[in-house]
Every structure is written in C-alpha cells, then in structure tokens.
Amino acid sequence: MTDRVILAYSGGLDTTVAIEWMKQETGAEVVAVSIDVGQGGEDMESIRQRALDAGAVESVIVDARDEFAEEYCLPAIKANALYMKQYPLVSALSRPLIVKHMAQAAKDHGGTHVAHGCTGKGNDQVRFEVGFSNTAPDLKIIAPARDYAWTRDKAIAFAEKNDIPIEQSKSSPFSIDQNLWGRAIETGYLEDLWNAPTKDVYAYTEDPTLNFNSPDEVIISFEDGKPVAIDGKPVTMLEAVEEMNRRAGAQGIGRLDMVEDRLVGIKSREIYEAPGAIALMTAHTAMEDVTVERELARYKRGVEAKWSELVYDGLWFSPLKRALDTFIEESQKGVSGDIRMVMHAGNCNVNGRRSNSSLYDFNLATYDEGDTFDQTLARGFVELHGLSSKMAAKRDFNL
C-alpha cells in the first residue's frame with residue numbers, strides 16, 4: 001500500500017515545493033490540507049488548486065475561522081497574551097488548531113505521515129511536532145525544509161527546475177504568515193537589523209504617521225472576559241476580531257518591529273501587524289482593571305506571561321497550559337461591562353469604563369464631598385505595613 005503524507009499546506013514556497021520533492025524522494029502520495037484561519041485577502045480555492053497543480057493527489061480546505069476565533073483567539077484575549085510583552089502570538093495560536101485538523105485529516109484520508117514546511121531555525125517545527133506527539137503520536141513526521149537544509153534560493157531553484165507554481169522570487173523573498181489574529185513578516189532585507197521596513201511590508205494596517213484619518217471612538221462590551229458587542233451591536237467572536245482588524249487597522253494600530261527570542265536559542269527580527277488583537281486586548285485589560293480584585297490581578301499578570309511563553313514554545317496541549325487555562329477562566333468571572341476608547345494615529349486610548357460588577361467605589365475614591373474613606377485608619381496601617389522592613393533597616397544600617 002502506498003504511503004500517504006498529509007501535508008500542512010499554506011500555499012507558500014516551502015510547502016508547494018515540498019509536494020513534488022516528497023513524491024520524488026519517498027514515492028508517497030501527498031494530500032494537501034489547508035486550514036482557513038482567516039488569511040485575509042487569500043483565495044482558499046486558488047490555494048487548493050495550487051496544491052493540485054504542484055502534484056497533490058488531493059487538496060482539502062477546512063474552514064476553521066469561527067473555531068479559531070472562539071477557541072484560540074478568545075483565550076488569548078482572556079490571558080492578555082503577549083510574548084516578551086509585545087508579540088500577540090499571531091502564528092503560535094494557529095498551530096495547535098492546524099495540528100488538530102491535520103490529525104483528523106490523517107484519519108479521514110488514510111495518512112501514514114504528516115509533513116510541514118518549517119525550517120530548523122524556527123519555532124513552528126516545535127509547535128507542529130510536539131502537537132502531533134500529544135495528539136497523534138503514531139504518525140510519522142517529514143520535515144523536508146529542515147531535514148534537508150533547504151535555503152529559499154534552493155527551494156526557488158527546485159521549483160523553477162520542476163515547473164512548480166510559486167509566488168516568491170529571488171527579488172521578493174519575504175516569508176509571510178497571516179491569519180485572523182494578525183500577520184507576520186520576516187526574511188529578505190529585514191534580516192539586516194538596521195533596515196527599516198518599507199511600506200510594501202504592511203497589508204493589515206495603514207501608516208499611522210500619515211494622520212489622514214479622523215479619530216475613531218469605539219465601545220467594546222464584555223461578558224466574563226469575552227467581547228460580545230461593538231458599539232452596542234452584538235457580535236460573534238469572529239465578527240469582533242474582523243471588525244476591530246478593520247477599524248484599528250485603518251488607524252495604524254498594531255504594528256510591531258521587534259527582535260524576538262526564538263525557542264531554538266537564536267534572535268530573529270520580526271515584523272507583525274495585529275490591529276484587532278492589540279485593540280481588543282487593550283480594552284480587555286482596561287475592563288479587568290475595573291473588575292478584578294487586586295491580589296488576583298497581580299498574580300494573573302505572572303500567569304499571563306507564563307501562558308504566553310507556553311503557547312509560543314509549542315506547549316498548547318501541556319498539563320501546565322491546561323491548568324493555567326482553568327485559572328484564567330475563573331479569573332474572568334465578572335469581567336463584564338463596557339470600555340470606550342479612541343483609536344487614532346497608531347494608538348488606542350481608553351477614556352471610559354462602566355460595569356455592573358465594578359470594584360471601583362466612587363465614594364471611597366473621591367476627594368470631594370461624600371468621601372466615606374476613614375482616613376484615621378491609615379496611620380496604623382502604614383506603621384504595620386512597614387514594620388518588618390523597618391526592623392531590618394535598623395539591623396542592617398545601624399539606625
């Protein structure tokens with residue numbers, strides 16, 4: 001029986017070239033599986049046809065946009081997930097979803113192997129292969145771009161030699177990954193850290209320095225940490241991200257140029273666009289500031305950093321990640337209400353908050369008439385709060 005390789009097919013250079021390469025090297029049939037996670041502007045039917053033109057025996061498209069929004073983007077919002085306090089996990093969030101559907105495709109199409117187009121320098125090889133080891137450990141893995149040290153020039157040359165349809169060329173060498181949650185751009189002249197990104201790098205956002213758009217004021221409503229309405233109109237999770245991608249993107253919000261610590265130990269220059277993600281997490285954080293108790297909020301910030309690292313590191317299915325999910329979900333009870341913010345020139349600034357579960361008490365906070373805070377209690381509180389450090393200072397500094 002002929003082996004069948006289930007290929008995670010993006011339609012890009014590496015996975016398109018991989019189809020013909022695996023046929024030649026292994027004699028296996030290749031089934032290309034493309035997961036629609038909201039790749040803005042990409043025609044999924046043309047991607048399906050490209051895989052067939054490149055030699056796949058079957059090409060499957062899975063519409064997972066709602067699933068991606070509800071089960072992956074929403075947890076990221078609740079976790080305020082930013083790797084290195086900056087990166088909103090654009091690519092990392094989609095990988096476990098792709099793994100899930102790849103494993104299912106292997107069952108449906110008699111797959112004996114799974115394959116990806118990741119290199120040995122990146123994070124995605126880990127995300128895919130650890131994911132498969134956690135969900136479908138019997139499947140064998142092929143990673144041609146990594147295991148045979150393809151360079152982009154070699155891949156392009158192989159495609160030209162074998163008449164494989166590709167979009168990349170030596171003059172346009174960017175590597176781009178995009179989905180509902182954002183867009184990641186790397187390689188080419190961006191690998192020189194001194195080179196500034198040119199305008200052709202961006203697609204999801206307008207240039208925030210041009211200031212040709214009027215400010216956009218938006219009200220985002222939350223129920224237990226989930227965005228449920230925009231400007232009073234109920235939205236699904238998918239609609240919330242799409243709407244904020246459009247509106248925040250028009251204001252130039254969500255551009256990021258960073259040097260990132262990759263899991264394999266090297267630093268990499270990455271350009272990201274994530275307008276909806278940044279806008280929604282800005283609003284969500286503001287909602288938590290109003291509704292989450294102080295000690296819980298302090299502890300959650302550490303959990304958020306660890307959750308982001310686990311997802312970035314490809315450990316979506318790990319016991320610790322699942323345990324932190326439970327903690328985060330519990331923390332979202334009562335994170336409900338409305339956040340008003342103004343988006344303009346690359347910034348989103350919160351200027352209004354209201355919630356029926358708010359922990360803000362006007363009468364305790366006010367310095368004006370109606371103040372109910374008993375200030376006479378403060379002297380003793382300060383004395384006791386600083387007592388241990390006071391005693392240590394006496395000992396250590398002979399006070």
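How many salt bridges does the rule find across the interface of domain 1 and domain 2? The rule finds 1 salt bridge there, and the side chains that meet in a salt bridge between Asp177 and Arg95 do so at 3.3 Å, N to O. The structure is a predicted model. Its chain has 399 residues and is divided into domain 1 (4–64 + 86–171) and domain 2 (175–292 + 335–354). This briefing covers the overall architecture, the domain interface, the salt bridges and two individual residues.

**Overall architecture**

- The chain contains 14 helices and 14 strands.
- Along its principal axes, the C-alpha trace spans about 85 × 55 × 45 Å.
- Of the 399 residues, 48% count as buried.
- When contacts between residues at least 6 apart in sequence are considered, 73% of them join residues at least 24 apart.
- Each domain is assembled from two segments of the chain: 4–64 and 86–171 form domain 1, while 175–292 and 335–354 form domain 2.
- A distance of 28 Å separates the C-alpha centres of domain 1 and domain 2.

**Interface between domain 1 and domain 2**

- On the side of domain 1, 21 residues are in contact with 23 residues of domain 2.
- The area buried between the two domains is about 1600 Å², and carbon and sulfur atoms give 58% of that area.
- Polar contact across the interface of domain 1 and domain 2 is found for 8 residue pairs, with both residues of each pair at pLDDT 80 or more.
- Two elements, helix H4 (90–108) and helix H5 (124–135), give two or more residues to the side of domain 1 that touches domain 2.
- Helix H4 provides the largest share of that side, namely 5 residues.
- By class, the side of domain 1 that touches domain 2 consists of 7 nonpolar, 10 polar and 4 charged residues.

**Salt bridges in the whole structure**

- A search of the whole structure yields 32 salt bridges.
- As a general point, side chains of opposite charge can pair when their charged atoms come close.
- Glu186 and Arg262 form a salt bridge through their side chains at 2.7 Å, N to O. Glu186 lies in strand S7 (residues 182–186) and Arg262 in the loop between strand S11 (255–261) and strand S12 (267–273), so the pair ties together parts that are 76 residues apart in sequence. Glu186 and Arg262 are both buried.
- Asp257 and Arg269 also form a salt bridge, with their side chains meeting at 2.9 Å, N to O. This pair links distant parts of the chain, since Asp257 belongs to strand S11 and Arg269 to strand S12, 12 residues apart.
- The two partners of that bridge carry separate accessibility labels: Asp257 is partly exposed, with a relative accessible area of 39%, whereas Arg269 is buried, with a relative accessible area of 9%.
- The side chains of Arg65 and Asp63 meet in a salt bridge at 2.8 Å, N to O. Arg65 counts as partly exposed because its relative accessibility is 31%, which falls between the limits of 20% and 50%.
- A network of salt bridges links Asp216, Asp231, Glu243, Arg246 and Arg247.

**His113**

- His113 is located in strand S4 (residues 113–115).
- His113 counts as buried because its relative accessibility is 13%, under the limit of 20%.
- A polar contact at 2.7 Å joins the side chain of His113 to the side chain of Thr112.
- Not counting residues up to four places away in sequence, His113 touches Asp3, Arg4, Val5, Ile6, Leu139, Lys140 and Ile142.

**Val31**

- Val31 has its place in strand S2 (residues 29–36).
- At 0% relative accessibility, Val31 counts as buried.
- Leaving aside neighbours within four places in sequence, Val31 is in contact with Arg4, Val5, Ile6, Leu7, Val57, Glu58, Val60 and His109.
- Arg4, Val5 and Ile6 are among the residues in contact with Val31, and Arg4, Val5 and Ile6 are also among those that His113 touches.
- Val31 and Ala64 are 33 residues apart in sequence, and their C-alpha atoms are 18 Å apart in space.

Technical notes
Residues are numbered from 1 along each chain as its sequence is written. This is a predicted model: local features need pLDDT of at least 70, side-chain atom pairs count only at pLDDT 80 or more; totals for chains, interfaces and linings use all residues. Side-chain values use heavy atoms; hydrogens and water are left out. Domain bounds come from an automatic or database domain assignment. Contact means heavy atoms within 4.5 Å. Buried area is the accessible area (1.4 Å probe) that two parts lose on being put together, summed over both. A salt bridge is a side-chain nitrogen of Lys or Arg within 4 Å of a carboxyl oxygen of Asp or Glu. A polar contact is a pair of N or O atoms within 3.5 Å; within protein, one must be able to donate a hydrogen and the other to accept it, and residues adjacent in sequence count only if both atoms are side-chain atoms. Helices (H or I, at least four residues) and strands (E, at least two) are DSSP runs, numbered from the N terminus. Ala, Val, Leu, Ile, Met, Phe, Trp, Tyr, Cys and Pro count as nonpolar, Asp, Glu, Lys and Arg as charged, and the others, Gly among them, as polar. Buried means under 20% relative accessible area, exposed over 50%, partly exposed in between (1.4 Å probe, protein chains only).
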